[in-house]
Amino acid sequence: MAESMQSLDQLSTIKPVAPEAPKYVQKLDKQGRAYATGKRKNAVARVWIKPGAGKIIVNERAVEVFFARPVLRMLIQQPLISSNRQTQFDVVCTVSGGGLSGQAGAVRHGLAKALLAYEPDLRGALKRGGFLTRDSRVVERKKYGRAKARRSFQFSKR
């Protein structure tokens, strides 16, 4: 772009510079862990992963104790399964806010982001599964003059 043009005819001779794809690098802390924050509804999960046997600890409890429903445990395992890393990483996370379903979604989101921080090459598999996208759906607020967010008060002619 250092060249200066004298006329518009010279505009076609300039080759556009294609932006190169961003380079993702591994981000680890001093203990060799990757960290990420996941969010879903009103729940926020802080997730650390490190190489290990595949144990998952949620709020200092085993995942089987914290998330008793098998569906929620399956939801958390999805990023690990899609990247074939079920037994390679130990996961430690703290989660707060929301209900169990939102907390499981927050842990899944945080785990996918932590996997990406540890192994940037997994981006394609995680992106294809939709694990890196934050699900922005939240409860709609209540409006004044309404019974709930959209429901009106019951109408009576009298």
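## A walk through the model

Start with the whole protein chain in view: of its 158 residues, 29% count as buried. Keep in mind that this is a predicted model.

Now colour by secondary structure. You'll find 4 helices and 5 strands, and reading along the sequence gives the pattern β-β-β-β-α-α-β-α-α. The radius of gyration is 23 Å, well over the 15 Å that the globule rule gives for 158 residues, so the chain is more spread out than a compact globule. Turn the chain around a little: the C-alpha atoms fill a box of roughly 75 × 65 × 25 Å along the principal axes.

Next, go inside. The largest nonpolar core has 32 residues, and for a first selection try Val47, Ile49, Val58, Phe67, Ile76 and Leu126, the ones with the most contacts inside that core. Which elements give two or more residues to this core? They are strands E1 (34-40), E2 (43-51), E3 (56-58) and E5 (89-96), plus helices H1 (63-66), H2 (70-82) and H3 (100-118). Select H3 on its own, since the largest share of the core, 10 residues, comes from there.

Zoom in on Val47 and show what surrounds this residue. Leaving out residues up to four places away in sequence, Val47 touches Ala34, Tyr35 and Ala36, then Val91, Val92 and Cys93, and finally Val107, Gly110, Leu111 and Ala114.

Zoom back out and switch on the surface. The accessible surface comes to about 11,400 Å², with 54% of that belonging to carbon and sulfur atoms. Last stop, the charges: select the 31 positive and 11 negative ones, whose mean positions are 16 Å apart.

Note on methods: Residues numbered from 1 in each chain as written. Predicted model: local features only at pLDDT ≥ 70, side-chain atom pairs only at ≥ 80, totals over all residues. Heavy atoms only, no water. Core = buried A, V, L, I, M, F, W, Y, C linked by side-chain atoms within 4.5 Å. Buried < 20%, exposed > 50% of the residue type's maximum accessible area, 1.4 Å probe, protein only. Contact = heavy atoms within 4.5 Å. Rg over C-alpha atoms; globule rule 2.2 N^0.38 Å. Areas by Shrake-Rupley, 256 points an atom, 1.4 Å probe, with all protein chains shown as cover. Lys, Arg positive; Asp, Glu negative; His and termini not counted. Charge placed at Lys NZ, Arg CZ, Asp CG, Glu CD.
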